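Please examine the sequence and the three-dimensional structure shown below. The paragraphs that follow lead through strands, contacts and surface features in turn.

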Amino acid sequence: MQVSRRTFLKLAGVSAAAAALYESSGSILSALSLIDETTPPGEEVWAPSVCQLCPAGCGILVRVIDDAAVKIEGNPLNPNNQGRLCPRGQAGLQILYNPDRIEGPLRRVGERGAGEWQSISWDNAIKLAAGKLKDLRDNGQPHTFVFIHGAKPGLMHDLIGRFCQAFGTPNAVEIAISSTGSSPLVHYLMQGWRACAGYNWENTNYLLSFGASLLEAQQPSVRMLQAYSRLRRGRPGARAKIVQIESRFSVTAAKADEWIPIKPGAEGALALSMARVIVEEGLYDRDFIENHSFGFEDWTGEDGEEHIGFKTLVLESYSPGTVSAVTGIPMETIKRVAREFAATRPAVALGDVSWQTNGLFAQMAVHALNALVGSIDVPGGIIRQEDPPFAPWPETAEDGVASQGLAMPRLDRADTREYPLANGMYETLPESILADDPYPANAIFLYQADPLFDSPDPDRFYKALPKVPFIVSFSPFMDDSTSYADLILPDHTYLEGWSDDVLVPSLGYPVLGLGQPAVRPLYDTRNAGDVLIQLTKELGSTMAESFPWLNFEELLRFRLRDIFEAGRGSIVADTFDQFWDEFQERGVWSAPPYRFGEWERVLTLPSGKFEFYSQNLKHTLEALVAREAAEKGTTAEEEMEEMLQDLGLRARGDELYMPHYEFPRWVGEETEYPFHLNVYQLMTLLDGRMANSPWLQEIYGLHIKESWGSWVEINPEAAKELGIADGDPVWVESPVGRIQARAWLYPGAMPEVVNMPLGQGHTAYGRWAKGQGTNPKRIIGNEYDYLGGQAAWLSTRVRIYKA
């Protein structure tokens, strides 16, 4: 039976229909026949929980009538979103009541991708999965098991990591394409902790944004929208200035005071030239530089070796005149904005430039601007997010099989000479799987991960997955990758199960949201955390010993005990049961205010300083090449030179360990592919996880009145030269392949750049997503920032022609 969008929207929006749908035969048409808007509602409750439709984790209140969820609103007690929700949060009912949900465990009975499935009981499904895993351990091959997941930091993320450790695989591989506005690796190299930063927007006077999509995809979204309002009109007599630097005239650029278009990949050079102006004119914060930084001035090491500092580097190499040619920005504009930034404190430089091959050092350059003006851990500046004080995990029971497996190299080659600083590199898995290098992948689990959709050039995964003997998906929907699985263990939707949600770095002080069942599960699904714990019981031995909890809820309560015992924050109780009850009633725990100036928590490197010259980076690379030299019988100098060439890095010596400009690499020659392809996320579908919501499809491209499809933004003059008119179907072709979209002539596109939104182009994922629009990732080349291990999503060049 086919259901129109209008029918489904009506069903999801009317409470009586939602209740009737699952109290009757399950037929949507039968449910609609029972709608009577004059019928008084039944028993009503508002259930607090947490939205899980993006990483933001906003607090929600779910209106439930007779065990049917009929409306979602923001939870005013949650400081993250203060009672407000974005369009995604409002669309949560369409996930719960989506007609394309998987209703129970399925086992593949036909060819992969053929859509031939057989229902299977949970007991048999768990035995099947456990049997395959047990065979790997019995054969001494636990390391050939790969767990690809998209879980954000929190209990489920840690549970997956612990499962892999107890099992004996180093291959817990995280998949993430999100816009967070800062690079965890940059903070690790310059401050000592590997996480995104928060921002005290309430007191910021100047925001210099290098490509951050503040009003489109920045996380947490609602918090960012509220921050924008406060920056502009929230303080009597004060109005922050916002300068947006990016190659596309985005919604954020339209709402800024000034848009500065820049050549793709040149953001790092611009930041360094601004630093040069600030340093040369003595506009930097001398107190912070002298007392809380290292490597600004030239320095001498303990061995007597002389080193140049950041000051010397920018004064010698990044004059506005030189950088103007690189960026396409007038020299006077560079100087003016640098002076404004330094003079209008507290000022914040926010970077989202890591999707280039030179992204790591560009992010470092942007962050260096914050240190220059003393905006590290001050009101109106950058802050370090504090996590809730969870109870520590007990030590994992690890047998000899697990120890041997964990000693093996990772299949994605993260944290190796190829990607020295990477935590995970899911994008490289296809090549490793196809080559059995360094060993085969014998089983893959997928949790909140869809690599057949979310990867650059996903055809590589289509070629690689047939080599994997056993694939399990926990998805509640038949997404692109789940359709190629051998076994599906469908998770609850977020409105049906337990979860926790640690606040995305933003407010600074700890905030923990509680996701709890607002309604009973509609189908025969199970919480993925419960399933993992059940698998450990089936596997037995040290696996079971490492997971003594009965279920995910019991584990959650265990982890909360130290928060209760801390006796601080918004919930203070005499007993844990009282704490737990109030936590459920409120749906959130928080412990404001943020404590500024705790330097031992904010600057955690051995030097206790903000490092313009990253000794952390220097020691990491030197240790790596020393180990290689010892194994090969070569010198460390030879190994360092070879490694830097392999990493595609130009800098040598001291420059390598400081923010500097590396020339970007491109997929495709300019002579054949004259346009840079700039892909971006919109608030509605983000990276595509919400493409199965008809509400969000209807407002997908609200800013251009476009829905249910894809478009490519082309500069009108460039389009005229190509003979392309507004609305024409065109081919967008890269060296990887080609896709079709509708041309949108947009004056906000730079002449040499074309822009395409992400989110569309699923080959599965239900009736609302399958076949809608096109997926730009299909033509994005497989290029990286090798040092940091970040996929270079913006490094592909394309050509455009009429279809």
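A residue is called buried when its relative accessible area is under 20%, exposed when that area is over 50%, and partly exposed in between. By this criterion Glu639, at 2% relative accessibility, counts as buried. The model discussed here is a predicted one.

The salt bridges offer a convenient place to begin, and Glu639 belongs to one of them: it pairs with Lys632, with 3.5 Å between the closest N and O atoms. Lys632 has a relative accessibility of 46% and therefore counts as partly exposed. The side chain of Lys632 also meets that of Glu628 in a salt bridge, at 3.4 Å from N to O. Lys632 and Glu628 are both part of helix α26, where they are four residues apart, or about one turn of the helix. Glu628 is buried, because its relative accessible area is 17% and the cut-off for burial is 20%. Lys632, partly exposed, thus has a salt bridge to Glu628 and another to Glu639.

A further salt bridge joins Arg652 to Glu641, the closest N and O atoms being 2.9 Å apart. Arg652 is located in the loop between α27 (636–646) and β24 (675–680), whereas Glu641 belongs to helix α27, so the pair ties together parts that are 11 residues apart in sequence. Arg652 counts as partly exposed at 31% relative accessibility, and Glu641 counts as partly exposed at 31%. Elsewhere, Glu386, Arg568, Arg595, Glu598 and Arg601 are joined into one network by salt bridges that share partners. In total, the structure holds 50 salt bridges.

Helix α26, which spans residues 615–632, also contains Leu617. Is Leu617 buried or exposed? With a relative accessible area of 0%, Leu617 is buried. Its C-alpha lies 9.2 Å from that of Tyr188, although 429 residues separate Leu617 and Tyr188 in sequence. Another pair, Glu281 and Glu538, is 257 residues apart in sequence and 68 Å apart in space, again from C-alpha to C-alpha. Glu281 is found in the loop between α11 (267–280) and α12 (286–292). At 36% relative accessibility, Glu281 counts as partly exposed.

Attention now turns to the strands. Strands of a sheet pair through backbone hydrogen bonds, either parallel or antiparallel. Strand β1 (residues 44–50) pairs with β2 in the antiparallel sense, over seven bridges. Within this pairing, Val45 has Val64 of β2 as its bridge partner. Strand β2 itself, residues 59–65, is mostly covered, with six of its seven residues buried. Strand β2 also pairs with strand β3 (residues 68–74), in the antiparallel sense and over six bridges. There, Arg63 stands opposite Lys71 of β3. The hairpin formed by β2 and β3 has two residues between the strands, and in this hairpin Asp66 adopts a positive phi near 50°.

A second set of strands forms an open sheet. How many strands does this open sheet have, and in what order? There are seven, arranged as β5-β4-β19-β18-β17-β6-β7, with mixed pairing. The edge strands are β5 (117–119) and β7 (172–174), each of which pairs on one side only. At the β5 edge, strand β4 (residues 106–108) is joined to β5 by three bridges, and the two run antiparallel. Leu106 has Ser119 of β5 as its bridge partner.

The last feature concerns charge on the surface. A patch of negative charge is made by Asp298, Glu302, Asp303, Glu305, Glu306 and Glu316, which gather there. Where within this region is Glu302 found? Glu302 is placed in the loop between β13 (299–300) and β14 (306–307). With a relative accessible area of 90%, Glu302 is exposed, since the cut-off for that class is over 50%.

How values were computed. Residues are numbered from 1 along each chain as its sequence is written. This is a predicted model: local features need pLDDT of at least 70, side-chain atom pairs count only at pLDDT 80 or more; totals for chains, interfaces and linings use all residues. Side-chain values use heavy atoms; hydrogens and water are left out. Buried means under 20% relative accessible area, exposed over 50%, partly exposed in between (1.4 Å probe, protein chains only). Two strands pair if DSSP finds at least two bridges between them. Patches are made of residues with over 30% relative accessible area and no salt bridge: like charges are joined within 9 Å, nonpolar side chains (Val, Leu, Ile, Met, Phe, Trp, Tyr) within 5 Å. Accessible areas come from the Shrake-Rupley method with a 1.4 Å probe; for residues, only the protein chains shown count as cover. A salt bridge is a side-chain nitrogen of Lys or Arg within 4 Å of a carboxyl oxygen of Asp or Glu. Lys and Arg count as positive and Asp and Glu as negative; His and the chain ends are not counted. The place of a charge is taken as NZ of Lys, CZ of Arg, CG of Asp or CD of Glu.
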